[in-house]
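Trainee: I would like a close look at a single part of this protein, one helix, and at how that part sits among the others. Please take me through it step by step.

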Amino acid sequence: RHRTQLAGFAARMWQGKCYEERGELGPAKGIYDELMDHTDPRLRPLQKKVDYFRILVMAKREDFALAADECVRWLSAFPNDRRSYEALGVQLQLAKNVVAQFKGAEEADKAKGTQRAVDALKEVVKVYSPFKNEAVELLRKLAPKTAFKAEDISKLSFTDAMAQADQA
């Protein structure tokens, strides 16, 4: 009944998320693709979230190269939105999908991929979010020498200091 209204689109998005969480990735991706096909500019904020969910589905399907490319496309489509929930999730997914492609890769490609992943993770760990702990762990695995220095700790806000204390 409400398929042409914003509430109907949001309900459809969450229907796709339910399929995804149940492991039915085909129907979930179909719903996400359908929602991405709409051209109404009022749907743009909803489509940012839908596009993030699409990336998650690609990663769950183990289409790591495609998911990494979609992450790069997402980040270039929303360059001024680097600290939103979705942007932080996309940056974490970019790092995870790049790392997932390391199997069978040459050392030069691994080094390049590691740098790309570390760059994405550095942005995620700067912001207190649900993705921060996972990003810190992955960053420690990829670049163990990238620890916080004493002068960096003195510049932390209260929230960031509390987040680091929780992690420790």
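Mentor: What follows starts with the whole chain, turns to helix H5, and then moves outward to the salt bridges.

The model is predicted. The protein chain has 9 helices and 0 strands, so a helix is what you will find wherever there is a regular element. Along the principal axes, the C-alpha atoms fill a box of roughly 60 × 40 × 30 Å. Of the 168 residues in the chain, 41% count as buried. The chain exposes about 10100 Å², and carbon and sulfur atoms supply 53% of that area. Take the contacts between residues at least 6 apart in sequence: 54% of them join residues at least 24 apart.

Now the helix itself. H5 covers residues 85-100, which is 16 residues. From its first C-alpha to its last it reaches 22 Å, close to the 22 Å expected at 1.5 Å a residue. Is H5 mostly covered or mostly open? It is mostly covered, with 12 of its 16 residues buried. Among the buried residues are Leu 88, Gly 89, Val 90, Gln 91, Leu 92, Leu 94 and Ala 95. The list also takes in Glu 86, Gln 93 and Asn 97, so do not expect a buried residue to be nonpolar by rule: the word buried refers to a relative accessible area under 20%. The cover over the buried residues of H5 includes H3, helix H4 (64-77), H6 and H7.

Leu 94 is a useful residue to follow. Leaving aside neighbours within four places in sequence, Leu 94 is in contact with Ala 68, Cys 71, Val 72, Leu 75, Arg 116 and Ala 120. Look at the last of these from the other side. Ala 120 is in helix H6, which runs over residues 107-125, and Ala 120 counts as buried at 7% relative accessibility. Beyond its neighbours within four places, Ala 120 is in contact with Gln 91, Leu 94 and Ala 95. Ala 120 and Leu 94 are 26 residues apart in sequence, yet their C-alpha atoms are 7.1 Å apart in space.

Leu 94 also belongs to something wider. The largest nonpolar core has 42 residues, and those with the most contacts inside it are Trp 74, Val 90, Leu 94, Leu 121 and Leu 142. Each of H1, H2, H3, H4, H5, H6 and H7 supplies at least two residues of this core.

Next, the charged side chains. The whole structure holds 16 salt bridges. One of them joins the side chains of Glu 20 and Lys 60, at 3.0 Å from N to O. Glu 20 lies in helix H1 (residues 6-21) and Lys 60 in helix H3 (residues 44-60), so this pair ties together parts that are 40 residues apart in sequence. The two partners differ in accessibility: Glu 20 counts as buried at 2%, whereas Lys 60 is partly exposed at 45%.

Another salt bridge joins Asp 33 and Arg 54, whose closest N and O atoms are 2.9 Å apart. This pair links distant parts of the chain, with Asp 33 in helix H2 (residues 25-36) and Arg 54 in helix H3, 21 residues apart. Asp 33 is partly exposed, with a relative accessible area of 26%, while Arg 54 is buried at 12%.

A third example stays within a single helix. Glu 137 and Arg 140 form a salt bridge at 3.4 Å, N to O. Both are in helix H7 (residues 132-142), and being 3 residues apart they are separated by about one helical turn. An α-helix has 3.6 residues a turn, so residues three or four places apart point the same way. Glu 137 counts as partly exposed, at 44% relative accessibility. Elsewhere, salt bridges that share partners join Lys 29, Asp 33, Asp 51, Arg 54, Glu 70 and Arg 73 into one network.

Finally, two residues around the start of H3. Asp 40 lies in the loop between H2 and H3 and is partly exposed, at 26% relative accessible area. The side chain of Asp 40 makes a polar contact with that of Arg 42, at 2.7 Å. Gln 47, in helix H3, is buried at 6%. Outside its neighbours within four places in sequence, Gln 47 is in contact with Leu 35, Met 36 and His 38.

Notes. Residues are numbered from 1 along each chain as its sequence is written. This is a predicted model: local features need pLDDT of at least 70, side-chain atom pairs count only at pLDDT 80 or more; totals for chains, interfaces and linings use all residues. Side-chain values use heavy atoms; hydrogens and water are left out. A salt bridge is a side-chain nitrogen of Lys or Arg within 4 Å of a carboxyl oxygen of Asp or Glu. Helices (H or I, at least four residues) and strands (E, at least two) are DSSP runs, numbered from the N terminus. Buried means under 20% relative accessible area, exposed over 50%, partly exposed in between (1.4 Å probe, protein chains only). Contact means heavy atoms within 4.5 Å. A polar contact is a pair of N or O atoms within 3.5 Å; within protein, one must be able to donate a hydrogen and the other to accept it, and residues adjacent in sequence count only if both atoms are side-chain atoms. The expected span of a helix is 1.5 Å times one less than its number of residues. A nonpolar core is a set of buried Ala, Val, Leu, Ile, Met, Phe, Trp, Tyr and Cys residues joined through side-chain atoms within 4.5 Å. Accessible areas come from the Shrake-Rupley method with a 1.4 Å probe; for residues, only the protein chains shown count as cover.
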